[in-house]
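Visitor: I have a model to look at and some terms to check. Can you take me through them?

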Amino acid sequence: MNSDIIIIGAGPGGYETALYAAKNGLSVTLFEERKAGGTCLHEGCIPTKCFCRSAEAAETIAESEGLGIRIASHEIDFGRVVERKNEVVNQLTSGIEFLLKHKLITYVPQRARLLDAHTVTTDEGVEYTAAHILIATGSTAKIPPIEGCNLPGVLTSTEMLDIDHIPERLCIVGAGVIGLEFASVFRSFGSQVTLLEYAKEILPNFDSDISKRLKQALTKRGLEFFNQAAVTSIEQTEPGLTVHYTWKNQDCSVTADKVLIAVGRSPRIEGIGLDEAGVHYTPKGIETDDSLRTNIDGVYAIGDVNGRCMLAHAASFQGRKVIDQILGRDNHINLDIIPSAVFTRPEAGMVGLTEEECKQRGIAFTAKKSLFRANGKAVSMGEPDGLCKLIANENGAIIGGHIFGAHAADLIQEVSALMARHTTVSQLKEMVHAHPTLSEVVQECAREF
Ligand code: NAD
């Protein structure tokens with residue numbers, strides 16, 4: 001069977017690209033070996049945000065007395081938390097399946113493997129051809145070579161989403177995005193959480209002001225952090241799972257009921273015929289140029305599998321860029337401006353360059369900050385802990401934005417949009433912002449320049 005485009009993998013990269021291509025008149029064959037929706041829908045963004053919502057409800061109730069609402073008693077029904085998460089995932093999966101019933105899309109619910117630049121085969125040996133092939137197979141959780149990682153109770157984020165009770169003691173290896181989101185959520189559910197992080201700071205890719213403030217806020221909530229901790233082994237002991245690590249030249253250990261391994265993700269490059277088709281890759285992912293082309297003409301790689309930026313929205317915009325190229329159409333998608341967020345409590349969001357990156361690259365910059373505690377809405381909400389930092393280049397154009405505080409994940413989008421339009425801090429000062437809103441924190445920051 002022949003189509004204009006073959007896409008392998010129906011995550012946000014694959015399925016959104018299929019829909020965009022079909023909307024623009026291209027025929028698409030889309031392969032998926034599991035369910036449409038990918039990591040984002042089944043084991044990433046969406047299920048974790050369902051947990052975040054339940055955690056937020058628990059926190060709001062815990063804090064309600066200070067807001068003038070006395071609640072006699074409450075308990076967490078974790079079975080219902082998981083059930084609700086599954087309902088949301090199922091609802092959204094059905095939505096995607098419905099959208100994919102497009103007349104120009106052939107959805108093949110099977111694993112596909114490349115045979116050459118224009119052909120793939122399924123496990124049943126059926127061959128499909130297309131002028132262009134997009135690989136969008138995503139990523140899997142990385143398991144470090146640490147003894148004991150295969151013990152029952154040592155889990156990846158995928159398995160952690162389906163546990164049947166709240167662990168009393170949770171140890172998390174890795175304080176990156178995934179580790180912190182789970183730490184924040186399970187702390188709200190009442191777990192005692194210990195994080196062991198190899199690097200000097202948590203969230204190594206974030207601006208250090210933000211990661212430091214986030215660490216302080218989470219420590220205040222009772223999370224325990226050990227940075228520069230090297231985990232050496234995990235063993236099953238009588239009181240639980242004992243994680244051994246070295247920290248400040250000492251041998252230390254912590255015992256927990258569950259251990260979450262959150263040390264990054266690996267591109268899913270195995271079993272998809274890359275060697276057969278001669279596609280170049282490294283353990284970091286399929287090699288691509290800035291147009292997402294691989295070394296083989298007509299073959300592209302988008303999303304986590306190319307290792308450029310492991311975010312759902314990066315994958316779908318990379319796909320859009322590829323389809324526009326195939327259609328010979330210009331676009332203004334700037335893949336250097338990709339906002340990202342951590343859904344902890346409080347949240348953190350970032351876009352563009354950090355101060356550290358500016359220094360490394362020798363870019364002249366000015367950075368200014370504004371505080372949530374000076375914002376009427378934040379104080380009324382009882383969420384005064386937060387910070388916005390804007391970074392501008394020597395012409396005053398915004399080149400980075402970093403926010404820590406309530407709704408930072410949504411607030412960062414304004415900075416992202418301004419950057420996409422090369423806005424200066426002086427222009428931002430003159431844009432009317434509604435009062436009282438958290439968005440005034442961003443404008444207030446511009447006024448500091
Ligand atoms: P990450 O790279 O963000 O963090 C992994 C952390 O583990 C790092 O801080 C690293 O220093 C640490 N680490 C590595 N080896 C270690 C070891 N042996 N012991 C202790 N610490 C160790 O990776 P992640 O949190 O697993 O997330 C994977 C990907 O998924 C990321 O690219 C992330 O951006 C993406 N993601 C994004 C979101 C979001 O946007 N909200 C949410 C979840 C995941």
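What follows is a short talk about the ligand, a pocket and the overall fold.

Guide: A word first: this is a predicted model.

Visitor: What makes a residue part of the group that surrounds the ligand?

Guide: The cut-off is a heavy atom within 4 Å of the ligand. Here 19 residues surround the ligand. The closest are Ile 178, Glu 181, Glu 197, Gly 264 and Ala 341.

Visitor: Why does the pair between Glu 181 and the ligand count as a polar contact?

Guide: The pair must be N or O atoms within 3.5 Å. A polar side-chain atom of Glu 181 lies 2.9 Å from a nitrogen atom of the ligand. That is within 3.5 Å, so the pair is a polar contact.

Visitor: What makes the pairs at Gly 264 and Ala 341 polar contacts?

Guide: Apply the 3.5 Å limit again. At Gly 264, a polar backbone atom is 2.9 Å from an oxygen atom of the ligand. At Ala 341, a backbone N or O atom lies 2.7 Å from a ligand nitrogen atom. Both pairs are within the limit, so both are polar contacts. The protein covers 76% of the 850 Å² of accessible area that the ligand has on its own.

Visitor: Which helix gives the largest share of the shell around the ligand?

Guide: Helix 6, with 3 residues. Helix 6 spans 177–188, and strand 10 spans 192–197. Each supplies at least two residues of the shell.

Visitor: How many residues of each class are in that shell?

Guide: The shell has 13 nonpolar, 3 polar and 3 charged residues. Glu counts as charged, so Glu 181 and Glu 197 are charged members of the shell.

Visitor: Now the second largest pocket. What makes a residue part of its lining?

Guide: An atom within 4 Å of a pocket point. By that rule 22 residues line the second largest pocket. Glu 56, Arg 345, Glu 347, Glu 383 and His 407 lie nearest its centre. The pocket holds about 540 Å³ of space.

Visitor: Which helix supplies the largest share of that lining?

Guide: Helix 3, with 7 residues. By class, the lining has 8 nonpolar, 7 polar and 7 charged residues.

Visitor: How do you know that the protein chain agrees with a compact globule?

Guide: Compare two values. With 449 residues, a compact globule would have a radius of gyration near 22 Å. The protein chain has 23 Å, so the value agrees.

Visitor: How many helices and strands does the chain have?

Guide: The protein chain has 14 helices and 24 strands.

Methods: Residues are numbered from 1 along each chain as its sequence is written. This is a predicted model: local features need pLDDT of at least 70, side-chain atom pairs count only at pLDDT 80 or more; totals for chains, interfaces and linings use all residues. Side-chain values use heavy atoms; hydrogens and water are left out. A polar contact is a pair of N or O atoms within 3.5 Å; within protein, one must be able to donate a hydrogen and the other to accept it, and residues adjacent in sequence count only if both atoms are side-chain atoms. Accessible areas come from the Shrake-Rupley method with a 1.4 Å probe; for residues, only the protein chains shown count as cover. Helices (H or I, at least four residues) and strands (E, at least two) are DSSP runs, numbered from the N terminus. On a 1 Å grid over the protein atoms alone, a cavity is a set of points where a 1.4 Å probe fits but cannot get out, and a pocket is an open set with protein on both sides within 12 Å along at least five of seven lines; lining residues have an atom within 4 Å of a point. Grid points are joined across faces, edges and corners, and a volume is the space filled by probe spheres set on the points. The radius of gyration is taken over C-alpha atoms; the globule rule is 2.2 Å times the number of residues to the power 0.38.
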